[in-house]
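Trainee: I'd like to understand the terms used for this model and how each one is justified. Could we go through them together?

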Amino acid sequence: MLVSLLSSQYTRFQTLAEAWLAQGAQTFGVYEQGRPLAYWPAGQRMLPPDLAAAIYRYDEVIGELRLTGLRDEAARQRLQAEAGLISYIVQLEHELQCMTADLVTSQDQQLALYRLTQAMRDLVTIRETLQAVLNEALRMLKGRAGFATYVAANGGEPIVVQSSACGLNNEVIWRLYWQLQTEDRPLLLREDDGDLRRPPGVNNLLLLPIRVRGMMMASLGIIDRAEGFGTPELKLGRAITDQASAQIERILLYQEMVEQARLRSEMDLARRVQTDLLPRTLPEVAGLDIYAYSRPALQVGGDFFDFVNIPNHPFIFTIGDVSGKGVSAALLMSMTRTALHSKAQFMPSPTPASVMRQSSEDLYNDFSRIGVFATIFVGQYDPSNREIMYTNAGHAPVIYRPHHGKAGLLLADHTAVGVLPVNNFQNRYLAMRPGDMLIVATDGFSDVRNTDDELFGIDRLLAVIDELAEQPARVIADGLFSVVDRFSAGHPQDDDQTIIVIKGVAL
């Protein structure tokens, strides 16, 4: 089957190969049972594939596309989409062969359906498919005119196509569609029966539902067959709509596959952009051991951390958590981080309270308009006094552990950004001498759950920090990630997890 398809469609396969080679692939080949049927460039030594995508005929793997020189996610998705399209064509070819075998018993009818399938084989839109189905149905059923409709399950734009001689306005056509939807069966409206649903000027009308994915999503109407419609025409009409249903299903699957590949590529790009917004290197500050890391629950998330560490300027660090997850949270995260960073970097004499106050005022209108908020912690290190000045806008957990004490939770004394138009932020102070430690995390740590829906909680978090207190900042952070991962084993990560560990060390 694949050999014959390759022979008949060689130019298309060659076009695919040339497109891959132009994109940077080294080789592109079509294989059957592990042996190459064709490969490009000709004469190139075959290399082990970096990517491969199976070609199916129904549930049976009959071959594969192989590619070397590219291995990124976008290339993998595209290769799978092309293999899926070839699988679709292979299955069509198989169906065509089956129909050809049935011509012995029903030559005229099967030949007509064969022509219909041929007419639809290269169609990739619903509208084109409906037009092809209508044209062939009119020819096969010998109708004077006709129409076809489609209503997407996701509420997309409805489609109606009609022959030039139809003469019915769209309002009448959609009324017939919804009548068919109500009856949920083929309808034959004839002048002899005096059926009031029959439009004026129409002698007879055959309405056929087209079911896709178990529901009526389309319809076919054939108007004024000279000899009238009987059982043979109804059976032929059903065969036509079955072909239309299968074609629409394949188009929807292909469109969904392409859309999913596009979304995955966009999400991957968004993840890379968000990762680039986070600091690429950790700051080096005399007297401090610093480590920070962020792990989103999805490809992108609403958590962030940031450092401002420039000459002749106080060292300032921030961490925040925008409500929600996914792309929307990531967009707001970027906006919040930018507002904080610009204030912390360019204010002549920044303090955590002044940075938070001006950022909150800038963000409030946008946040309140779309009903979101962000918890934010801003800290600033004073090397002369060996202390951290900070302000906390609703952020938790924030944990402080003095060198000779136990870890304790620092409660937020201000509301989250986006809740109130004005916040009277005040600075607070923490000693940061050798052995003292500040851990600012997002609630993705304390709120993690196990398979029994049990919360990890603050108490466990404090206990782990006490156990790890003598370790360097990175070991402490890695230890916290490991503990919550073991606790939640088997339960998906529900929320973004971000942490900053700052530990006082000897100068």
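**Labels and their reasons**

Trainee: Why are glutamate 82 and arginine 78 described as about one helical turn apart?

Mentor: Because they are four residues apart in helix α3 (residues 73-101). Helices here are DSSP runs of H or I with at least four residues, strands are runs of E with at least two, and both are numbered from the N terminus. Before we go on: this is a predicted model, in which local features need pLDDT of at least 70, side-chain atom pairs count only at pLDDT 80 or more, and totals for chains, interfaces and linings use all residues. Residues are numbered from 1 along each chain as its sequence is written, and side-chain values use heavy atoms, leaving out hydrogens and water.

Trainee: What makes the contact between glutamate 82 and arginine 78 a salt bridge?

Mentor: The term asks for a side-chain nitrogen of Lys or Arg within 4 Å of a carboxyl oxygen of Asp or Glu. Here the N to O distance is 3.2 Å, so the pair qualifies. A search of the whole structure finds 24 salt bridges.

Trainee: Why is glutamate 82 called buried?

Mentor: Buried means under 20% relative accessible area, exposed means over 50%, and partly exposed lies in between (1.4 Å probe, protein chains only). Glutamate 82 has 13%, so it is buried. Its partner arginine 78 has 26% and therefore counts as partly exposed.

Trainee: How do you know that glutamate 227 and arginine 225 form a salt bridge, and which of these labels does each residue get?

Mentor: Their closest N and O atoms are 3.6 Å apart, so the pair meets the salt-bridge cut-off. Glutamate 227, at 60%, counts as exposed, whereas arginine 225, at 12%, counts as buried.

Trainee: What makes aspartate 306 and arginine 337 a salt bridge, and where do they sit?

Mentor: The closest N and O atoms of aspartate 306 and arginine 337 are 3.8 Å apart, so this pair also passes. The pair links distant parts of the chain: aspartate 306 is in strand β11 (residues 303-308) and arginine 337 is in helix α8 (residues 326-346), 31 residues apart. Both are buried. Elsewhere, Glu183, Arg185 and Arg197 are joined into one network by salt bridges that share partners.

Trainee: Now to helix packing. Why is α11 called oblique to α12?

Mentor: Two packed helices are described by the angle between their axes and the distance between the axes. The axes of α11 (residues 457-468) and α12 (residues 473-487) come within 10 Å and cross at roughly 140°. Angles under 35 degrees count as roughly parallel, over 145 as roughly antiparallel, 65 to 115 as roughly perpendicular and the rest as oblique, so α11 is oblique to α12. The axes are lines fitted to C-alpha atoms over the stretch in contact, with angles from 0 to 180 degrees between N-to-C directions.

Trainee: Which residue of α12 can you place against α11's neighbourhood, and is it buried or exposed?

Mentor: Take isoleucine 476, which is in helix α12. At 0% relative accessibility, isoleucine 476 is buried. Its C-alpha atom is 7.2 Å from that of isoleucine 465, 11 residues away along the chain.

Trainee: What makes Phe373, Val419 and Leu420 a nonpolar patch?

Mentor: Patch members have over 30% relative accessible area and no salt bridge; nonpolar side chains (Val, Leu, Ile, Met, Phe, Trp, Tyr) are joined within 5 Å, and like charges within 9 Å. Together, the three residues have about 240 Å² of accessible area, calculated by the Shrake-Rupley method with a 1.4 Å probe and only the protein chains shown as cover. Valine 419 has 44% relative accessibility, so it is partly exposed and clears the patch threshold. It lies in the loop between β16 (408-409) and β17 (428-431).

Trainee: Which label does asparagine 312 get for accessibility, and what stands out in its backbone?

Mentor: At 84%, asparagine 312 is exposed. Its phi is positive, about 55°, although it is not a glycine. Asparagine 312 is in the loop between β11 and β12 (315-322).

Trainee: And where is the peptide bond cis?

Mentor: One joins tryptophan 40 and proline 41, with omega about -5°, and another runs from alanine 396 to proline 397, with omega near 0°.
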